[in-house]
Amino acid sequence: MNNTTKETLEHFSIDEFQDDLITWFEKEKRDLPWRKNKDPYKVWISEIMLQQTRVDTVIPYFNNFIEQFPTIDSLAEADEEKVLKAWEGLGYYSRARNLQAGVREVKESYNGIVPNTADEISKLKGVGPYTTGAILSIAYGVPEPAVDGNVMRVLSRILSIWDDIGKTKTRQQFEEIIREIISKENPSYFNQGLMELGALICIPSNPACLLCPVQKHCKAFAEGVQRELPVKSKKKQPKSVAMAAVVIEDSEGNVLIHKRPGKGLLANLWEFPNHETVTEYDVQKKHLQDYLQETYGLKVEIKEQFTSIQHVFSHLIWNIAVYKGKLVSEFEGQENLKLVSEKDITEYPFPVSHQKIYKEYKN
DNA sequence: GATTCGTGGGG
DNA sequence: TCCCCAAGAAT
């Protein structure tokens, strides 16, 4: 333990804090589907889904996912397309692909048993420091820190820590603190208790300090500065991008869809042909036509623009002008380019932005 | 260490 | 409307 940690924990009564926190968690913990048992696989799925994602959003996805892929084997053997479809709308799609890659590693290298050491778990695809600690503590009862945004917010208030929680180094400081104060008897409830407290009581704005089970341990409350914490640097605002997309029909009413590349934004999801373009309406149509010809060798008659869609990501904003198009040339199926019927299109995973496009198209 | 990776909800 | 956020990891 370095000096900073030692000073931070001076006058902090660890045993009493553990007891107050765990007692509260046992009484107040929410009845969530991934808390029905300690199956490491299900804990793993839930922790990946919960990354940067609200509990209420995750619940239906988790239930459906477990129904479709109830075991390590079933997920390892599934088509990636099915997995992405089950993830559709949840965002951060590399989580789904990394999860499946990780599960396949477990199947092949660990005989289908999720390993129980930090060294092994943290090497699995998509499993970082937080998820390693979460799986270890919740599924296996190992006293390993699981420091997420909740934990940093709660502890920054309780211990009055003013470091920027957006920095990598700050998370490591918190991990060191947790190693000192985590309950060795019940690390699972300790870690989950901190997160539950952050979700229900010690929330970002207007924390419910009067209801807090560990109020008497909280330095920020004692000083009346709980609203100033945690310190978090502001994110820069997303960049705006002009796009043009087209829903192309053939003579039989099938529509043309394209599979995105395996890396980067929305990797391996399907979409309507589109490209970055200029905002001038008159040149958009010609650019779009040229793009389809040069990129896919397709002759398409671009017709009217029927809607425009705005979609906001964390780091960019798509402003999409959406056209109708008629396929003129003969179509030869390619790996990443398909003509699909209205019925079959439901089988393909689409990002929300292109779900919006199709919905407008059907209206 | 900073940036890239989604989405929907809430103040 | 706008901005922040929500159980992070990979690059």
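This report describes the second largest pocket of a predicted model and the protein surface near DNA strand C.

## The second largest pocket

The second largest pocket has a volume of about 540 Å³, and 22 residues line it, with Gly91, Tyr92, Tyr93, Leu266 and Phe313 lying nearest its centre. Because domain 1 (3-228) and domain 2 (239-362) both contribute residues to this lining, the pocket lies between the two domains.

Three elements, α7 (94-109), β5 (300-312) and α15 (352-362), each supply at least two residues of the lining, and the largest share, three residues, comes from α7. By class, the lining of the second largest pocket consists of ten nonpolar, ten polar and two charged residues.

## The surface near DNA strand C

DNA strand C is surrounded by 26 residues, of which Gln52, Gly126, Asp148, Asn150 and Pro204 are the closest. This surface divides into nine nonpolar, nine polar and eight charged residues. Among the atoms of DNA strand C within 4 Å of the protein, 67% belong to sugar or phosphate, while the rest belong to bases.

## Contacts with phosphate oxygens

Two contacts to phosphate oxygens of DNA strand C involve the protein backbone: a polar backbone atom of Gly128 is 3.0 Å from a phosphate oxygen, and a backbone N or O atom of Tyr130 lies 3.3 Å from a phosphate oxygen. Arg153, by contrast, takes part through its side chain, an N or O atom of which is 3.5 Å from a phosphate oxygen of the strand. The elements that give two or more residues to the surface near DNA strand C are α3 (40-50), α9 (129-140) and α10 (149-158).

Notes: Residues numbered from 1 in each chain as written. Chains lettered and ligands numbered in written order. Predicted model: local features only at pLDDT ≥ 70, side-chain atom pairs only at ≥ 80, totals over all residues. Heavy atoms only, no water. 1 Å grid on protein atoms, 1.4 Å probe; cavity = no way out; pocket = protein on both sides within 12 Å on 5 of 7 lines; lining within 4 Å. Points joined across faces, edges and corners; volume = space filled by probe spheres on them. Helix = DSSP H or I, 4+ residues; strand = E, 2+ residues; numbered from the N terminus. Nonpolar A, V, L, I, M, F, W, Y, C, P; charged D, E, K, R; others polar. Domains from an automatic or database assignment. Near = heavy atom within 4 Å. Polar contact = N/O pair within 3.5 Å; in protein donor to acceptor, adjacent residues only side chain to side chain.
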